[in-house]
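Please take a moment to look over the sequence and the model below before reading on. The paragraphs that follow go from the chain as a whole to a few of its parts.

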Amino acid sequence: MSRDSQMRSVLEAQIAPPPDVTFAPSAVESTRLSSPRSPTRSDRENTPLLARIEEEHGPLYFNHFTDDPQFTSIIRQAEQTIDAGVFPERISQGSSGSYFVKNTDGKILGVFKPKDEEPYGKLNPKWTKWMHKLCCPCCFGRSCLVPNQGYLSEAGASIVDQKLQLNVVPKTKVVRLASETFNYSAIDRAKSRTKRNIQERFPELGRHFHRIGLPPKSGSFQLFVENYKDADFWLRRFDNEALPESTAKSFQLQFEKLVVLDYIIRNTDRGNDNWLIKYEKSEVDESSGGDEDDDVDWSMVKPPEISVAAIDNGLAFPFKHPDEWRAYPYHWAWLPMAKKPFSEELKSLVLPQLSDMTFVEDLCDELYLLFKTDKGFDKRTFEKQMSVMRGQILNLSQALRDGKSPVQLVQMPVVTVERSKSGYGPGRPRTASGETFIQRFSKRAPFFSWC
């Protein structure tokens, strides 16, 4: 063997792909090879609804999260259930197209919110927003939010929640799903029927199609939480029935975590109907049929347990503070718990992290990796969103140090913290990790401050 032949064989051996990696077939091979198998599926090359999907920015697969195998397993159950003909069920409440996704036993796994079925999406199935857009275009949408990014906001709120260890947002990620019950255009449904008919009548020709069935939709998938009810239901009960001291203290901490989350992401849509409370009765409540007993010694029995879940985070991460018609206030600021100063437990949990600009920038970087996956991503707009978030974090950190309450927090002057490339400019500079930030106060207020 010549020296050139030996060198060529060595190079070919070094760059040979691993055995579990497959490449797209060439024009000649495509006549006899089927599509490569997705690592998140098991023997589903010919599934009618869900097929191999490539990311826009590379040959990666959706719905596969290497850092979270448990979430990947849940999404796989959802895919298998859809393939078996058990389709997601549309939720009647709300102004967007959202769906309960179930497993084969009928148990709800999570809530899927497609991007194109958001309140102002082009395929929103709810007629109220369609009428709003048609009859009142001048007041259409929220001017402080980026249109059709609610699904990213849902996943972004989950990132903030996990980063700060608040544990009040059910885990949420961006996935792609397809189902007959989703709202599709007439063209997409016609294409799906045509391809399916061709595949059934001419199998050899049908094998050339990149996808058989309806196109998958990008959207947020939030894990379903059981035994929770709207906060409004329990808050009315708690007005008449006093909680045990330990339970009331736990509830106050959970509420403060909700405040921290909403304030940081500047949620413009948090009413008492889109955060949930889970109240597990104590042994005394169950034995007495729920009757109140003031003589109970709660140190001797297990007190009731309470948990909070922050859902519906799609209207957050604005690129500016509301400064036109509406203020979009935080409705929890009218609750009695909001008048109490932040607890020491909450301060020890979040203040050391929020005071560290390196931690804040790491959070911005994680959100950047999420938001840039959207086709309409604009880096300048994203930087404005992060400037608002940095300002919220700055105010929150100061309020925690000064021992303020949530009511006093929302009364602080709104501020943005912008990254400065030149290192100088109007405003108050703040430096961290070699970067310079400019602090700016908003001087414009919305016309209506109460809604």
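**From the whole chain to its parts**

The chain holds 13 helices and 13 strands, and the reader should keep in mind that the model is a predicted one. Of its 451 residues, 44% count as buried, while the surface that the chain exposes amounts to about 24700 Å², of which carbon and sulfur atoms supply 52%. If we take the contacts between residues at least 6 apart in sequence, 73% of them join residues at least 24 apart.

A good place to begin looking closely is strand 7, which covers residues 217-223 and is mostly covered, since 5 of its 7 residues are buried. Which strands pair with strand 7? Strand 5, made of residues 108-114, runs antiparallel to strand 7 and is joined to it by 5 bridges, and within this pairing Val111 stands opposite Gln222. Strand 6, residues 172-177, also runs antiparallel to strand 7, here with 6 bridges, and Val174 stands opposite Ser220 of strand 7. In a regular strand, as a general rule, the side chains alternate between the two faces of the sheet.

From the strands we turn to helix 11, which spans residues 357-371. Its 15 residues reach 21 Å from the first C-alpha to the last, close to the 21 Å expected at 1.5 Å a residue. At its N-terminal end the helix is capped by Asp356, a side-chain oxygen of which lies 3.0 Å from the backbone nitrogen of Thr358. The buried residues of helix 11 include Met357, Phe359, Val360, Leu363, Leu367, Leu370 and Phe371, and Glu361 and Cys364 are buried as well. An α-helix has 3.6 residues a turn, so residues three or four places apart point the same way.

Why does Cys364 count as buried? Its relative accessibility is 3%, and because buried means under 20%, Cys364 falls within that class. Cys144 is likewise buried, with a relative accessible area of 0%. A search of the whole structure nevertheless finds 0 disulfides.

Finally, Asn395 has its place in helix 12, which runs through residues 379-401. Is Asn395 buried or exposed? Because its relative accessibility of 7% is under the 20% limit, Asn395 counts as buried. Leaving aside residues up to four places away in sequence, Asn395 touches Tyr263, Leu409, Met412, Pro413, Val414 and Val415.

Terms used. Residues numbered from 1 in each chain as written. Predicted model: local features only at pLDDT ≥ 70, side-chain atom pairs only at ≥ 80, totals over all residues. Heavy atoms only, no water. Disulfide = S-S within 2.5 Å. Buried < 20%, exposed > 50% of the residue type's maximum accessible area, 1.4 Å probe, protein only. Helix = DSSP H or I, 4+ residues; strand = E, 2+ residues; numbered from the N terminus. Contact = heavy atoms within 4.5 Å. Areas by Shrake-Rupley, 256 points an atom, 1.4 Å probe, with all protein chains shown as cover. Expected span 1.5 Å × (residues − 1). Polar contact = N/O pair within 3.5 Å; in protein donor to acceptor, adjacent residues only side chain to side chain. Pairing = 2+ DSSP bridges.
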